[in-house]
Amino acid sequence: MAKYVAAIDQGTTSTRCMIFNHAGEPVGVHQMEHEQIYPKPGWVEHDPMEIWARTQDVVREAMRKAGASVADIAAVGVTNQRETTVVWDKTTGQPFYNAIVWQDTRTAGICNELAKDGGQDRFRAKVGLPLATYFSGPKVRWVLDNVPGVREAAEAGNALFGNIDTWVIWNLTGGAKGGKHVTDVTNASRTMLMNLETLDWDEEICAIMGVPKSMLPRIASSSEVYGHTLANGPFGGVISVAGDLGDQQAATVGQACFSPGEAKNTYGTGCFMILNTGTEIVPSNSGLLTTVCYKFGNEPAVYALEGSIAITGALVQWLRDNLKLIESAPEIENLAKTVTDNGGIYFVPAFSGLFAPYWRSDARGAIVGMTRYVTRGHFARATLEATAYQTREVLDAMNADSGVTLTALKVDGGMVYNDLLMQFQADVLGVPVVRPKVAETTALGAAYAAGLAVGFWANTDDMRKNWGMDKTWEPDTSSNASTELFEHWKRAVTRTFDWV
């Protein structure tokens, strides 16, 4: 009798495998980082073969830590960094080029060319997205145009495209020896190539983008059996691969945001707020994305509004790796606590341009308000505050689009253990911030989708029962973070425009 469900969480900076019991509690986890490759300014790549190797390593180690055998695992779900684009040879399993990461800005020229006819919102009515370097479609086009032999391979039916979920599932289910070439509606909705109403590839947009449909994976629901692991694979036996969700949608499922009007914010490499809008497609007039939240089996798709912020946790890593201000990411909180405010500086981390609600690929990072008074502590504090201010801008847009005023924000991800940041977040938003008992909700959401498909969990109510509150931060009514300080932040943001 299977006791557990496994989840592979392939993120921007690391890959982890988590094993969950029926109560949604982790019983085994292992995580490994992979290399971040920066060939040119604005270019960000990963090695897909390294990611697949890390995936196998973390699965084996998580299974060992859980003391689990293959018979103990009911199913495995996959969740992934979305929009990161891999194109590979289906006969050899070798990538034609490194994975082009969601943060990468090299496709600005392609996006600008496409926007000449119809502007930045040319495809928004169909796909819910503005033309931006963030999404996969233009990245595939770049590979086809710039990597020798790929377009020919695509036209011959030998080149496959996928976001990282597709790459992992293809390898898990056999790779070049019959691997399943599949994605789910949440990942497909991040390509700019899927029609939100039909939940299928849009032939007109694919033709305009110059991406052959033969390269594209089959679009499935987020919760169904796609295929099975190999007997000699990392799980050591045959398991149903039965869940697939983009990481932010997975966190929404893990937070049990199953009712319209429920929202969560995930603090990872970037920051991503998702508001469940039910079975209704809600267009945004405020710079948000309209996306698919999840689709369970044959049930109707559930949609969402999303605010995407490119750089939050990545800014802490930048202080660690590039400036050497700290030796490890958790140190930033203590360094920020050495001062009582930001010393008048604001750090706008537009390293990849600005995402929601601005969508300015011409923006670049800026630190404003510098004086001789500023110390390392002020840098650390301004770094954390940037995350909170960007989240406030997204929340304001969400309230405007949805007509629903959020009364509390569910939060998850690595940065939610930073008490200073979470308290400041509550102050800037003016609403309570709530952390669940299992804060790694991304992996949990993938496990839920897989477990639901094989009957390990009966329904969404079964999952909702597992959600428990760990800590709440109430806003400080004496703080000026939501008024005066936030106005200064908005002024600082305008200084980053038109740089490129």
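**Notebook: turns, α9 and helix α12**

I began just after α9, where A256 takes a positive phi of about 60°; the helices and strands that I name are DSSP runs, numbered from the N terminus, with H or I over at least four residues for a helix and E over at least two for a strand. The model is predicted, so I kept to local features with pLDDT of at least 70 and to side-chain atom pairs at pLDDT 80 or more, while totals for chains, interfaces and linings use all residues. Residues are numbered from 1 along each chain as its sequence is written, and side-chain values use heavy atoms without hydrogens or water.

**Entry on α9.** I then asked how many residues of α9 are buried (under 20% relative accessible area with a 1.4 Å probe and protein chains only; exposed is over 50%, partly exposed in between). Eight of the eight residues are buried, so I describe α9 as largely enclosed by the rest of the structure. The buried residues that I noted in α9 are D247, Q248, Q249 and A250, followed by A251, T252, V253 and G254.

**Entry on backbone angles.** I looked up two further residues with a positive phi, starting with L199, which is not a glycine and has phi near 55°. I found L199 in the loop between β10 (194-195) and β11 (200-201), and I noted that L199 is buried, with a relative accessible area of 16%. I then turned to K324, which is not a glycine either and has a positive phi of about 60°. K324 sits in the loop between α10 and α11, and I recorded K324 as exposed, its relative accessible area being 62%.

I also checked the peptide bond from A356 to P357, and I recorded it as cis, with omega near -5°. P357 belongs to the loop between β19 (346-348) and β20 (366-368).

**Entry on V394.** Is V394 buried or exposed? I found V394 within helix α12, which runs over residues 376-402, and V394 is buried, with a relative accessible area of 1%. Leaving aside residues up to four places away in sequence, I listed M273, L288, G307, I309 and A356 as the residues that V394 touches, contact being heavy atoms within 4.5 Å. A356, one of these partners of V394, is the residue from which the cis peptide bond leads to P357. I also looked up I208, which is 186 residues from V394 along the chain, and the C-alpha atoms of V394 and I208 are separated by 31 Å.

**Entry on α12 and α16.** Next I looked up how α12 meets helix α16, which covers residues 481-494, and I noted that their axes come within 10 Å and cross at roughly 95°; the axes are lines fitted to C-alpha atoms, for helices over the stretch in contact, and the angle runs from 0 to 180 degrees between N-to-C directions. I therefore call α12 roughly perpendicular to α16 (65 to 115 degrees; under 35 is roughly parallel, over 145 roughly antiparallel, the rest oblique). Which residues of α12 take part in this meeting with α16? I listed A386, Y389, Q390, R392, E393 and D396 on the α12 side, and on the α16 side I listed A481, S482, L485, F486, W489, K490 and V493.
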